[in-house]
Amino acid sequence: MSDIVITGVGQVLVGEHWDVSIRQLAARAILAAIKDAGGQKPEAVYIANELGSSLSRQANLGALLTSDCGLEDVEGTTIEAAGASGGATLRTAYLALRSGLVDSALVVGVEKITDVVGPGVDKAIAETLDTDYEGMLGVTPTALAAILMKRYMHDYSVAHTAFADHPVAATAHGVGNPNAMYRRAITCEVYEKAEPVCDPMNLHDIASYADGAAALLLTRRDLVRKDFKHSLVRVSGSAVVTDRLSLHDRPDPLAFEAAGAAIARACRQAGILPGDVDVLELDDAFSIYPVLSIEAAGFAPRGKGTTWLKDTVERGKPALASMGGMKARGNPLAAAGVYQAVEAVLQLRGEAGGCQVRGARKALIECLGGAAATAAAHVLEIIP
Amino acid sequence: MEIPRHWRLKQQRYALVGEVCPHCDAKIFPPRDVCPECGGEAKEAYNFSGKGEVYSFTRMSDGPAGFEEQAPYTVALVKLAEGPVVTAQLTDLGDARVEIGMPVEMVTRRIRQDGDERGMIVYGYKFRPVLR
């Protein structure tokens with residue numbers, strides 16, 4: 001079977017786009033990816049979206065978003081897996097191409113948050129929890145991340161300051177990313193002094209929810225012209241794993257087992273070890289998430305995740321949150337995993353501008369739905 | 001608000017009724033069709049004591065829609081004496097300093113109310129520090 005390759009990428013600035021609708025956001029990313037792929041049109045369009053029905057009151061995006069940007073006679077469907085939607089949608093496109101039934105597929109992640117402001121947004125996002133036994137009691141994903149962080153600090157005697165390294169590194173990298181929502185680096189001191197939100201978390205332990213859209217065009221390598229205009233990136237590993245939805249149902253809530261399994265499967269398929277990658281994009285929706293993910297993936301023993309992140313930021317290999325992560329780029333939920341893939345492609349092609357990781361050849365990207373209730377991981381590699 | 005949805009959960013919300021697995025004797029909450037411990041079919045009702053301890057908690061400074069007026073409030077994972085963990089609000093805290101491991105017990109409280117003054121009021125479980 002021929003390799004599955006990414007031939008085009010597109011993205012829009014993450015932020016509060018009051019003047020732009022969900023359809024326009026998606027169209028901009030889709031058209032940019034098609035242009036980047038030299039005008040190649042997809043046979044199938046797979047859409048990652050979480051909140052269209054609740055915040056934009058818009059379902060059936062498969063028909064809306066394709067026809068809006070002139071894609072006729074294609075198949076278009078939405079895939080939803082909360083914050084892991086982007087990775088799950090890339091996985092769906094990968095499966096379709098591997099099946100041989102689809103020759104070219106477009107993945108677009110789109111999230112339109114700002115059609116609603118205030119507590120209504122938190123309510124909609126809380127619908128990704130168990131509504132009967134979590135959401136209806138006033139709990140949100142943010143509160144659950146805080147509960148995890150508090151227990152982690154208690155069990156391993158880790159101070160809040162120890163979580164600073166990932167957000168500090170991410171915001172430093174975001175400065176060079178023209179599509180990032182925030183382009184100002186924070187210091188450890190700024191991190192530590194931010195406004196409390198859900199103890200022990202403060203504002204800088206949380207990535208801002210924001211509007212965004214990102215897109216990828218994929219095909220099989222044997223279908224690409226020999227004189228194609230830029231280097232191809234191969235999807236060499238792909239995995240989605242689910243866990244019990246609620247933290248209260250898991251024997252060990254601090255073990256992100258789905259994250260560990262997804263990363264292990266994607267790396268095994270690619271024939272690499274997680275530590276072999278040059279670029280590592282972890283889900284950093286909350287600062288406890290990357291800590292639990294790297295422990296689950298075996299980078300660090302339990303309780304040592306913050307130490308590993310600190311050492312890795314100093315060493316610079318693998319590069320973490322190389323384009324700012326969710327912390328600086330912003331967190332457009334279902335689109336976040338597609339942004340990760342777009343950013344990894346730019347790094348591997350050597351087109352990441354001020355964020356470029358020198359000599360980047362392999363990238364591992366991971367996105368999570370809820371507190372690793374769903375985990376998606378992909379390995380991307382440049383074809384020399 | 002969705003009346004049937006709350007009505008069918010009344011045993012869980014008001015009395016913390018879960019299940020006991022007929023195969024492995026595991027106590028299960030929330031109730032479900034399959035025992036999470038042994039994979040067998042589970043359907044026998046079991047009344048939990050409502051006693052437990054705090055696994056972890058946080059104080060939310062803002063609530064989602066429907067909970068704005070309650071904020072700030074404290075939510076926790078409570079490990080029940082019978083084994084399962086339940087997500088719930090803590091209540092009646094007064095000056096009590098919440099800590100991991102703190103003994104708590106279930107009480108019935110108003111969970112939320114429709115913004116509309118004629119709307120439904122949802123009652124259910126919260127947990128308070130054990131009265132000494």
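How many bridges join strand S1 (residues 17-20) of chain B to S3(B)? There are four, and the two strands run antiparallel. This is a predicted model, and the report below moves from that sheet to the contacts between chains and domains, then to some unusual backbone spots.

**A small sheet in chain B**

S1(B) belongs to an open sheet of three strands. The order is S2-S1-S3, and the pairing is antiparallel. Strand S2 (27-28) and strand S3 (44-47) of chain B are the edge strands, each pairing on one side only. One bridge can be named residue by residue: Glu19(B) has Ala45(B) in S3(B) as its bridge partner.

**Where the chains meet**

Chain A brings 27 residues into contact with 28 residues of chain B. On chain A's side, helix H5 (119-126), helix H6 (141-156) and strand S5 (196-198) each supply at least two residues. Which element of chain A gives the most to this side? The answer is H6(A), with six residues. By class, the chain A side that touches chain B holds 13 nonpolar, six polar and eight charged residues.

**Two domains in chain A**

Chain A is assigned two domains. Domain 1 covers 4-117 + 210-223, and domain 2 covers 121-206 + 237-382. Their C-alpha centres lie 22 Å apart. Across the boundary, 40 residues of domain 1 are in contact with 36 residues of domain 2. Several elements give two or more residues to the domain 1 side, among them strand S1 (4-11), helix H4 (85-99) and strand S7 (212-220) of chain A. H4(A) gives the most, with seven residues. The domain 1 side that touches domain 2 has 25 nonpolar, 10 polar and five charged residues.

**Unusual backbone angles**

Most residues other than glycine have a negative phi, and most peptide bonds are trans. The table lists four places that depart from this pattern.

| Place | Feature | Value |
|---|---|---|
| Phe29(B) to Pro30(B) | cis peptide bond | omega near -10 degrees |
| Ala71(B) to Pro72(B) | cis peptide bond | omega near -5 degrees |
| Ala372(A) | positive phi | near 60 degrees |
| Leu16(B) | positive phi | near 50 degrees |

Where do these residues sit? Pro30(B) is in the loop between S2 and S3 of chain B. Pro72(B) is in the loop between strand S4 (51-60) and strand S5 (73-80) of chain B. Leu16(B) lies in the loop between helix H2 (10-15) and S1 of chain B. Ala372(A) lies in the loop between S11 and S12 of chain A.

Is Leu16(B) buried or exposed? Leu16(B) counts as buried because 24 other C-beta atoms lie within 10 Å, and the cut-off is 20 or more. Ala372(A) is buried too, with 30 other C-beta atoms within 10 Å.

**A closer look at Ala373(A)**

Ala373(A) is found in the loop between strand S11 (362-369) and strand S12 (374-382) of chain A. Ala373(A) has 25 C-beta neighbours inside 10 Å, so this residue counts as buried. Which residues does Ala373(A) touch, not counting those up to four places away in sequence? They are Thr242(A), Asp243(A), Leu245(A) and Ala258(A). Asp155(A) makes a useful reference point for distance. Ala373(A) and Asp155(A) are 218 residues apart in sequence. In space they are 22 Å apart, C-alpha to C-alpha.

Technical notes. Residues are numbered from 1 along each chain as its sequence is written. Chains are lettered from A and ligands numbered from 1 in the order in which they are written. This is a predicted model: local features need pLDDT of at least 70, side-chain atom pairs count only at pLDDT 80 or more; totals for chains, interfaces and linings use all residues. Two residues are in contact if their C-beta atoms, placed from the backbone, lie within 7 Å. Ala, Val, Leu, Ile, Met, Phe, Trp, Tyr, Cys and Pro count as nonpolar, Asp, Glu, Lys and Arg as charged, and the others, Gly among them, as polar. Domain bounds come from an automatic or database domain assignment. Two strands pair if DSSP finds at least two bridges between them. A residue is buried if 20 or more other C-beta atoms lie within 10 Å of its own, exposed if 12 or fewer, and partly exposed in between; C-beta atoms are placed from the backbone.
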